[in-house]
Amino acid sequence: FARWLSQKSITPNHISLLSIVFAVFAAAGFIATLYTDGFAKFSSFILAALFIQGRLLCNLFDGLVAVEGGKSTPSGELFNDIPDRISDPLIIIAAGYSVVCVSYGDVLGWCGALLAVLTAYVRTLAVSIHAPANFMGPMAKQHRMALLTFACIATAIEQIWFEHDYVMVIALVILNIGTLITVWCRTAIAYRYLENG
């Protein structure tokens, strides 16, 4: 598929920008759960999960098309990174607002979004001061999106059987704790490299 894309007049930057569109639709799926019930609510969570995966596929294919089609550009890193900084908060904040079984779902969403951006900031800062780029977890971007995809599917099923969304709450708590650990680990590794290098 990447080879087919590379033969079209589609650039990696286009694909990177498309990831924001998928993130907007995923966020809309989360918000739609507040205004629907029954099968419509179930479907909204499933659609959110599918659009999250669409966003991740864009993140995969932009790099593959750049390599496969020789379409990398000097500005490619901007388009590779900035859309992620928009997409992550959109999805995580919307997931927080989708929670209705507790009053602090929105807080979990905002904190998770802030920490997600902070992980990227630490990585970029480390590179700018000549430490290696670090994409490790335990809650890097792909781990956060995998967790939310699972939470969407599990919450959709939970809605049908129990009509609550505690799975999403647990997922957001795990996301926050895991992302905080990720920030700490990336910072510690950069610190050790710079001090010992």
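Two aromatic rings, from Phe, Tyr or Trp (its six-membered ring), count as a pair here if their centres lie within 6.5 Å. By that rule, this structure has 4 aromatic pairs. Keep in mind that you're looking at a predicted model. A search of the whole structure also turns up 7 salt bridges, while the count of disulfides comes to 0. Helix 4 (residues 76-97) is a good place to get your bearings, and several of the charged pairs below lead back to that helix.

**Aromatic pairs**

- Phe22 and Phe51 make a tilted pair, with 6.2 Å from centre to centre and 45° between the planes.
- That pair links distant parts of the chain: Phe22 sits in helix 2 and Phe51 in helix 3, 29 residues apart.
- Phe22 counts as partly exposed because its relative accessibility is 23%, and Phe51, at 22%, is partly exposed as well.
- Phe39 and Phe42 have ring centres 5.9 Å apart and planes at 25°, so this pair is stacked.
- Here the two partners are neighbours along one helix: both lie in helix 3, 3 residues apart, which is about one turn of the helix.
- Phe39 is exposed, with 64% relative accessibility, whereas Phe42, at 24%, is partly exposed.
- Ring pairs also gather Phe22, Phe25 and Phe51 into a cluster.

**Helix 4 and what surrounds it**

- Helix 4 has 22 residues, and at 1.5 Å a residue these should span 32 Å; the C-alpha atoms at its ends are 33 Å apart, so the two values agree.
- Plenty of this helix is tucked away: its buried residues include Gly76, Pro83, Asp84, Ser87, Asp88 and Pro89.
- Further along, Ile91, Ile92, Ile93, Ala94, Ala95 and Gly96 are among the buried ones too.
- What covers the buried residues of helix 4? The cover includes helix 2 (12-32), helix 3 (38-68), helix 5 (105-128), helix 6 (141-162) and helix 7 (166-196).

**Ser19, a contact point in helix 2**

- Ser19 belongs to helix 2, and with a relative accessible area of 0% it is buried.
- Leaving aside residues up to four places away in sequence, Ser19 touches Arg55, Cys58, Asn59, Pro83 and Ser87.
- Two of those contacts, Pro83 and Ser87, are also buried residues of helix 4.

**Salt bridges**

- Side chains of opposite charge can pair when their charged atoms come close.
- Arg55 forms a salt bridge with Asp84, and their closest N and O atoms are 3.1 Å apart.
- This one joins distant stretches of the chain, with Arg55 in helix 3 and Asp84 in helix 4, 29 residues apart.
- Are Arg55 and Asp84 buried or exposed? Both of them are buried.
- Asp84 has a second partner: its side chain also meets that of Lys141 in a salt bridge, at 2.9 Å from N to O.
- Lys141 is in helix 6 and Asp84 in helix 4, so to speak a long-range link, with their positions 57 residues apart in the chain.
- The two ends of this bridge sit in different settings by the cut-offs used: Lys141 is partly exposed with a relative accessible area of 21%, while Asp84 is buried at 5%.
- Asp88 and Arg144 meet in another salt bridge, at 2.7 Å from N to O.
- Asp88 lies in helix 4 and Arg144 in helix 6, so this pair ties together parts that are 56 residues apart in sequence.
- Asp88 and Arg144 are both buried.
- Through shared partners, salt bridges join Arg55, Asp81, Asp84, Arg85, Asp88, Arg123, Lys141 and Arg144 into one network.

**Cysteines**

- How many disulfides are there? The count is 0.
- Cys101 is in no disulfide, and the nearest cysteine sulfur, that of Cys152, is 14 Å away.
- With 23% relative accessibility, Cys101 counts as partly exposed.
- Cys185 isn't in a disulfide either: the nearest cysteine sulfur belongs to Cys111 and is 19 Å away.
- Cys185 is partly exposed too, with a relative accessible area of 23%.

Conventions:
Residues numbered from 1 in each chain as written. Predicted model: local features only at pLDDT ≥ 70, side-chain atom pairs only at ≥ 80, totals over all residues. Heavy atoms only, no water. Helix = DSSP H or I, 4+ residues; strand = E, 2+ residues; numbered from the N terminus. Expected span 1.5 Å × (residues − 1). Buried < 20%, exposed > 50% of the residue type's maximum accessible area, 1.4 Å probe, protein only. Contact = heavy atoms within 4.5 Å. Salt bridge = Lys/Arg side-chain N within 4 Å of Asp/Glu carboxyl O. Phe/Tyr/Trp six-rings, centres within 6.5 Å; stacked < 30°, edge-to-face > 60°. Disulfide = S-S within 2.5 Å.
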